[in-house]
Amino acid sequence: MRKKDPEVFQTVSDGLKKLYKTKLLPLEEHYKFHEFHSPALEDADFDNKPMVLLVGQYSTGKTSFIRYLLEQDFPGMRIGPEPTTDSFIAVMHGDVEGLIPGNALVVDPKKPFRKLNAFGNAFLNRFVCAQLPNPVLESISVIDTPGILSGEKQRISRGYDFAAVLEWFAERVDRIILLFDAHKLDISDEFSEVIRALKNHEDKIRVVLNKADQIETQQLMRVYGALMWSLGKIVNTPEVIRVYIGSFWSHPLLIPDNRKLFEAEEQDLFKDIQSLPRNAALRKLNDLIKRARLAKVHAYIISSLKREMPSVFGKENKKKELINSLGDIYSRIEREHQISPGDFPNLKKMQEQLQSHDLNKFQPLKMKLLDLVDDMLAHDIAQLMVLVRQEETQQPNKVVKGGAFDGTLNGPFGHGYGEGAGEGIDEQEWVVARDKPMYDEIFYTLSPVNGKVTGANAKKEMVKSKLPNTVLGKIWKLADIDKDGMLDDEEFALANHLIKVKLEGHELPSELPPHLVPPSKRKIPE
């Protein structure tokens, strides 16, 4: 029986901080979770803006992509065909433009990077924060990473564990964008290793096939197929990863044949990035649940090892034996506690880490700590979910603005402007009038009475389009402007125009745009 009511929280971020410190952190500390998996979370991890991590081989256009989004240069950026970005650059909002070096960054409590000091100086010398006053950065931060290299020599010369650093970021960011160059799709060994380091974060990954304007359509289809095939071998998810095709820099398209496709893909990607601030609280909640489940499994593993260790003799041999049979221990815990195999840490990695630990110093199972976490997952999280929904409804307009995101919002360069239902938007004349004589001929074969055809007669003609009833019903609703259940010659022409729009592959508007309203109906009082 529960002794107390769930906690009361003011905001999602306060709630997450409090739950983490009071219910999950004690379990993590007791079983050395931070030495095995990931450092303790800090307030800045819960408060910071959504982050987008860019990953790709060198010269796939990562830095150009950031420049394209911001529509301005940022401090420390270098662009070139050879590996130019050799540092991790966190591009963040600041009132004054400038660079903050890594060693200063990891002591700033307001930035979510304090725990990166664990990767040592070799990494910190390669980590900077570029600050600049840019409207895009008011709602998101972007992390540029060094180009991934191929070949053993360059991997050794990094001086720090590149995959481990990326894994650290992957756990904390809201979106991971993998960039590929349409010209060189070979996924090097280091890239495969990096993509594997992003395991468990597949839900955050999006793929961009960049520089797609530099190849012909037929070649582009082959490249796209090859990319999907390569990714399928590395990323083990049941659903296909979303790949956006385009050319993300502000230069003229070399081969403009696929312009429409690139525009639609860019809009989709922009919508995805723009939704990040709105979904940030939910993502942090989701990550905390993931972490709590791993911490629970970790506690079971550590306490099982402790239970098996002899107190006096044969410790070393027993330690070797336990590490070798860790797979069996996993299976036993899975059965005893009904835990899904996906919640367990990587077996090989865990075996390597255990080598350097004294298993005798591990703690036995302390049910009170586990109960606290179960209680959090069962009750407090549900309450936070309600708060997440409330915060979302209170701030419906929380989207990324500025930079490239504003470029296509208004005016004739908005996506789909002047196409489909938008055709004729700028013209004085009613666009449907062009084909009206042809529609009139059909109209008069449907025996109109008092200048109108009945719904039944109009239906016989409209179903010839072979469009489903749901679509035709919507077209009828848009075309029957005076809502009398019949169509006059103008409404009938409008219905046929909308059928044509749909058959050409465009979407129908939810309300009839003003330029499509027949001239004689434009003065109808509301």
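Start by selecting I89 and V128: these two are bridge partners, with V128 sitting in strand β4. You are looking at a predicted model, so keep that in mind at each stop.

**Stop 1: the strands around β4**

Now extend the selection from I89 to the whole of strand β2, residues 88-93, and from V128 to β4; the two strands run parallel and are joined by six bridges. Further along this pairing, M92 is opposite Q131 of β4.

Next, add strand β3, residues 98-101. It pairs with β4 over four bridges, this time in the antiparallel sense. Click on P101 and you will find V128 of β4 opposite.

Go back to β2 and bring in strand β5, residues 141-144. Three bridges link β2 and β5, and these strands run antiparallel. I89 turns up again here, standing opposite D144 in β5.

How many residues of strand β4 are buried? Six of the six, across residues 127-132, so the strand is largely enclosed by the rest of the structure. To see this, display the side chains of β4 and look at each face in turn. F127, C129 and Q131 are on one side, V128, A130 and L132 are on the other, and all of them are buried. For β2, five of the six residues are buried, so β2 too is largely enclosed by the rest of the structure.

**Stop 2: the nonpolar cores**

Select F113, F169, L178, F180 and L209. Within the largest nonpolar core, which has 49 residues, these touch the most other members. Then colour helix α8, residues 162-172, which gives this core its largest share, six residues. In soluble globular proteins, nonpolar side chains tend to be buried together.

Which residues are in contact with F169, leaving aside its neighbours within four places in sequence? They are L53, F88, F113, L116, F123, F127 and I143. A second core lies apart from this one; it has 44 residues, and L16, I339, F344 and V373 are among them.

**Stop 3: the aromatic residues**

Show the rings of F88, F113, F119, F123, F127, Y160, F162, W168 and F169, which form one aromatic cluster. You have already met F127, on one side of β4, and F169, in the largest nonpolar core.

Across the whole structure, a search finds 18 aromatic pairs. For one of them, select Y20 and F46: this pair is tilted, at 6.0 Å centre to centre and with 50 degrees between the planes. Y20 belongs to helix α1, residues 12-30, and F46 to helix α3, residues 43-47, so the pair ties together parts that are 26 residues apart in sequence. Are these two rings' residues buried or exposed? Y20 is buried, with a relative accessible area of 1%, and F46 is buried as well, at 6%.

**Stop 4: the annotated domains and G505**

Select residues 435-523, where UniProt, in an unreviewed entry, places the feature "domain: EH". This span is 49% helix and 7% strand, and its end C-alpha atoms are 23 Å apart. Then narrow the selection to residues 467-502, listed by UniProt as "domain: EF-hand", also from an unreviewed entry. Here the chain is 69% helix and 8% strand, with the end C-alpha atoms 9 Å apart.

Move on to G505, in the segment after α21 (489-503). G505 is exposed, with a relative accessible area of 59%. Add G420 to the selection: the C-alpha atoms of G505 and G420 are separated by 8.1 Å, although the two residues are 85 apart along the chain.

**Stop 5: zoom out**

Clear the selection and view the whole protein, which has 21 helices and ten strands. Its C-alpha trace spans about 105 × 60 × 45 Å along the principal axes. Of its 526 residues, 49% count as buried. The exposed area is about 26500 Å², with carbon and sulfur atoms supplying 53% of it.

If you draw a contact map, look at how far apart the partners are: among contacts between residues at least 6 apart in sequence, 78% join residues at least 24 apart.

Key:
Residues are numbered from 1 along each chain as its sequence is written. This is a predicted model: local features need pLDDT of at least 70, side-chain atom pairs count only at pLDDT 80 or more; totals for chains, interfaces and linings use all residues. Side-chain values use heavy atoms; hydrogens and water are left out. Buried means under 20% relative accessible area, exposed over 50%, partly exposed in between (1.4 Å probe, protein chains only). Two strands pair if DSSP finds at least two bridges between them. UniProt positions are given in the numbering used here, feature names are shortened, and annotations may be inferred rather than shown by experiment. A nonpolar core is a set of buried Ala, Val, Leu, Ile, Met, Phe, Trp, Tyr and Cys residues joined through side-chain atoms within 4.5 Å. Contact means heavy atoms within 4.5 Å. Accessible areas come from the Shrake-Rupley method with a 1.4 Å probe; for residues, only the protein chains shown count as cover. Rings of Phe, Tyr and Trp (its six-membered ring) pair if their centres lie within 6.5 Å; planes under 30 degrees apart count as stacked, over 60 as edge-to-face and the rest as tilted.
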